[in-house]
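Student: I've got this structure open and I'd like to take a close look at just one part of it. Could you walk me through a pair of helices that pack together, and then what lies around them?

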Amino acid sequence: MNPILILTLTSLFFVLLSFGIILLWKYQRYIYNDVFFILLGILALFLLDHVCNIFEWSGLLTEMDEYGDFLQILEPLFLGILVYALIQHRLRIHILNSEAKYRLLVDNQTDLVIKLDPEGNFLFASPSYCRLFGHTEKELMGRSFLPDVHPEDLEKTRREMEKLSLPPYSCLFRQRAHTKYGWRHFSWAFRVILDEAGKSTAIVGMGRDITDRVEIEHKQENLLKKLETKNRELQNLVYISSHDLQSPLVNIRGFGGELKNSCQQLKQVIDTLEQPALREQIEPYMKDIQQALYFINSGADKMHVLIEGLLKLSRIGSVELTLQTVHMSALIRSIVESMRFQVQKSGGEIQIEDLPPCRSDLYQVNQIFSNLLDNAVKYLDSSRPGIIRVTGMEANGFCEYRVIDNGIGIEPESHSKIFEIFHRLDPEGPVKGLGLGLAIVQRILDKLNGSIRLISEPARGSEFIVTLPAASTAGA
Amino acid sequence: MFQKNEVITLLITVGIGIFFWSNRKSILQLNGWKLLILSFLCYLARMIFTVLEGYIWYDVMNLLEHLSILLFTIFFLLWCWQIGYQKEKNP
């Protein structure tokens, strides 16, 4: 081969390698130390290899060829080491980035993050924990988690932590702990980290300061207690006042009746009087007295019914419930049977489908459906044959009963008002009542954990939907 | 006639090539991986030509060997420059 060509290529090669070494030197600070030295080693190997070759070609030192051969073997090895080092650096950067990402999340958490050993000693505490408890992470390491816990919550905390040794290896609890701001309430969720053999290696806990929430809960509890007391007082007041009003009312009605009888006797006496002038003089007064008595008696009767209704309503709150399986089909049939005359008179018909049994108080459920069916019959539309249907179905642990009629219906704006006490849709209408029936239904259902809602359109009919716990929920 | 050390170096280079192939996923994530692979292929070619020159067309193979090593050097230096330059721009 042309020696000039070889010489040219070799010179070029030398120039490039020299340039490479300068280049490496320039960028030294941007290259990892180990990579830098490997690169330098590779370039040096190639340089030395060619120096040996030149000596060999020139015939100056033929034995140099052996050194060159040895260096040549090292070249690919150095290339391999270089790539291995680069891969390792890449992995290290990846791990560092990943760690930095998670550390950023943990360091900026407002929730408390801790890691304990299986004995409950600190292995890690997030900055939020250290800030709140006024300790450094170094101070906490190896220390038990329990000393900051309120003495009254210590036993509970221990008990909960003991649960961690059994599946599902997690626990949730609340505790008070002493922070640098005083005693605070915390909610903790602990989970055990298990190794491949299923042995506990660490416990990870996430905590949240719930002091504000606990204070609100306490306030709510107190308010609820106050509300219950006031409600009881109000019920007692209604009951006592209704009860006490009864006795003067009994007198009014009783003596009113006696006065009426006396008036009738007096009238008979007047009718037998022989002086017509005197009779004519007395008669207008008699008429006035009779009219006044009529108003007094009818007013007293109305007041009696109202007080009875109020007493009934106030008794609902205090009545003891006897929960049992209520066979609704039989119950509704017995109610309809007792209303037979009323239904016949209205010209309507009541159809009862198979109804699922519910778990409730028999007497109260009877009251609910008596009131609903009574209303349905009373408010049938006289212009068409009245049909009332009672249907029922069970879903999600509740029974839904529907009392559907094709009566006069209710205006949408009155839907929310009809459950109010003494509210009547048409007080001057032909149907008499006090406006207590649906209020009683609503009160009973509140007590029975049930609910009622209404779907209705004027001139098309109404549908009352009553929900009660299903019989299948017994013992659940 | 081939030399023993040349065959050993070729075998080592092939071994390194297998190492590259088995770590290709990691290598593909390295900066300037194309230049690095190109330079390695040139080096592998150099070793093949070195062994072949002992059997056939000595002059041609020798020239190809020197050209390969020259190309290897160029690609390798370009790769060095690229990683250094990129690190300087985005430390």
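Tutor: Sure, and keep in mind that this is a predicted model. Let's look at how α1(B) goes past α3(B): the crossing is left-handed. Their axes come within 9 Å, with a crossing angle of roughly 155°. Angles over 145 degrees count as roughly antiparallel, so α1(B) and α3(B) are roughly antiparallel to each other.

Now for the residues that do the touching. From α1(B) you get Glu6(B), Val7(B), Thr9(B), Leu10(B), Thr13(B), Gly17(B) and Phe20(B). Facing them, α3(B) brings Phe40(B), Tyr43(B), Leu44(B), Met47(B), Ile48(B), Thr50(B) and Val51(B). Sort the residues of this contact by character and you find nine nonpolar, four polar and one charged. Here's a handy bit of background: an α-helix has 3.6 residues a turn, so residues three or four places apart point the same way.

Next, zoom out to where chain B meets chain A. Here 31 residues of chain B are in contact with 27 residues of chain A. Our two helices turn up again: α1 (4–22) and α3 (33–52) of chain B, along with α2 (24–27) and α4 (58–89), each supply at least two residues of the side that touches chain A. The largest share of that side comes from α4(B), with 15 residues. By character, the side of chain B that touches chain A has 18 nonpolar, 10 polar and three charged residues.

Notes: Residues numbered from 1 in each chain as written. Chains lettered and ligands numbered in written order. Predicted model: local features only at pLDDT ≥ 70, side-chain atom pairs only at ≥ 80, totals over all residues. Contact = placed C-beta atoms within 7 Å. Helix = DSSP H or I, 4+ residues; strand = E, 2+ residues; numbered from the N terminus. Nonpolar A, V, L, I, M, F, W, Y, C, P; charged D, E, K, R; others polar. Axes fitted to C-alpha atoms, helices over the stretch in contact; angles between N-to-C directions. Parallel < 35°, antiparallel > 145°, perpendicular 65-115°, else oblique. Left-handed = near helix turned anticlockwise from the far one by under 90°.
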